Amino acid sequence: MKLIGSVNSPYTRKVRVVFAEKKIDYDFVAVSHEEFGAKVTPSNPLSKVPVLILDDETPIFDSRVIVEYLDGVVHHDKLLPDSARECAEVRCWEALADGISDASVLVALEQRRPLEQQSGSWVQRQREKVEQGLAFIANSLNDGRSYCVGIHFSLADVAVGCMLGWLLLRLPEIKWQAEYPALAGFYERLMQRPSFVATRPSET
């Protein structure tokens, strides 16, 4: 299999962490934003990463679809629980983490525009989503639990870890580590897992 993605994308990293956790071999094709038209659009008409290309050249896109596929084809180290209730809870955590990533990516992109073209009110709305999401996660983890859901590492932890790593890389002005010490400790424990170490974002 071949994975097309951006090195620093939180969604691409989520899939790469799952690959590592499931111990699945794959080829990683790193693309820059300028290359999306040539290398991503032919496989995903939405021009978004990541895209997984199966052995028969079938493309699968959207990180949530890809990770569910990977968890289903390799049955060891399950990241989605068999219980419908627990699985729904894990997927809600993933949706929350991805939603925070969505809003924070929009903030980062807006801030790259010329200052006179930026919409302060629009950026503020996106930041509120980020802050509200972080507060919810921090409050949920404030009891010192080791994992987002239940007593086992799951896709919820993968999604939250990748989202927090992206915030540190691209929006360091959001001081969530200082505001939420329990969340900071949770993140530090996650980052000790080999799958997160192997997929650490670059500084560029």
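Phe153 sits in the loop that joins helix H5 (120–140) to helix H6 (155–170), in what is a predicted model. Because its relative accessibility is 11%, and buried means under 20%, Phe153 counts as buried. Leaving out residues up to four places away in sequence, Phe153 touches Glu21, Lys78, Leu79, Tyr147, Val158, Leu190, Arg193 and Phe196. One of these partners, Lys78, is 75 residues from Phe153 along the chain, and the C-alpha atoms of the two are separated by 8.9 Å.

Helix H6, which follows this loop, takes part in two helix contacts described here. Two packed helices are described by the angle between their axes and the distance between the axes. The table gives these values for the two pairs.

| Helix pair | Axes come within | Crossing angle |
|---|---|---|
| H6 and H8 (residues 181–190) | 10 Å | roughly 105° |
| H1 and H6 | 9 Å | roughly 140° |

With axes that cross at roughly 105°, H6 and H8 are roughly perpendicular to each other, because angles of 65 to 115 degrees fall in that class. On the H6 side the contact is made by Asp157, Val160, Gly161, Leu164, Gly165 and Leu168, and on the H8 side by Leu183, Phe186, Tyr187 and Leu190. Seven of the residues in this contact of H6 with H8 are nonpolar, two are polar and one is charged. Leu190 of H8 is also among the residues that Phe153 touches.

The other pair, H1 and H6, crosses at roughly 140°, and these two helices are therefore oblique to each other. The crossing of H1 and H6 is right-handed. H1 contributes Pro10, Arg13, Lys14, Val17 and Val18 to the contact, while H6 contributes Leu155, Val158, Ala159, Gly161, Cys162, Gly165 and Trp166. Here the division is eight nonpolar, two polar and two charged residues. Gly161 and Gly165 of H6 belong to this contact with H1 and also to the contact with H8.

Trp166, a residue of helix H6, has a relative accessibility of 8% and so counts as buried. Apart from residues up to four places away in sequence, Trp166 touches Asn8, Ser9, Pro10, Ser104, Val105, Ala108 and Leu171. By contrast with the pair Phe153 and Lys78, whose C-alpha atoms are separated by 8.9 Å, Trp166 and Val149 are 17 residues apart along the chain and have C-alpha atoms separated by 21 Å.

The largest nonpolar core of the model holds 52 residues, of which Leu134, Val160, Met163, Leu164, Leu167, Trp176 and Leu183 touch the most other members. At least two residues of this core come from each of helix H1 (10–22), helix H3 (63–73), helix H4 (84–111), H5, H6 and H8, and H6 supplies the largest share, 10 residues. Leu183, once its neighbours within four places in sequence are left aside, is in contact with Leu134, Ile137, Ala138, Leu141, Leu164 and Trp176. A second core of seven residues, separate from the one just described, includes Ile4, Phe36, Val40 and Val49.

Ser195 lies in helix H9 (residues 194–198). With a relative accessible area of 5%, Ser195 is buried. When neighbours within four places in sequence are set aside, Ser195 is in contact with Val17, Ala20 and Glu21. Two of these partners appear elsewhere in this account: Val17 of H1 takes part in the contact with H6, and Glu21 is among the residues touched by Phe153.

Key: Residues numbered from 1 in each chain as written. Predicted model: local features only at pLDDT ≥ 70, side-chain atom pairs only at ≥ 80, totals over all residues. Heavy atoms only, no water. Helix = DSSP H or I, 4+ residues; strand = E, 2+ residues; numbered from the N terminus. Buried < 20%, exposed > 50% of the residue type's maximum accessible area, 1.4 Å probe, protein only. Contact = heavy atoms within 4.5 Å. Axes fitted to C-alpha atoms, helices over the stretch in contact; angles between N-to-C directions. Parallel < 35°, antiparallel > 145°, perpendicular 65-115°, else oblique. Nonpolar A, V, L, I, M, F, W, Y, C, P; charged D, E, K, R; others polar. Core = buried A, V, L, I, M, F, W, Y, C linked by side-chain atoms within 4.5 Å. Left-handed = near helix turned anticlockwise from the far one by under 90°.
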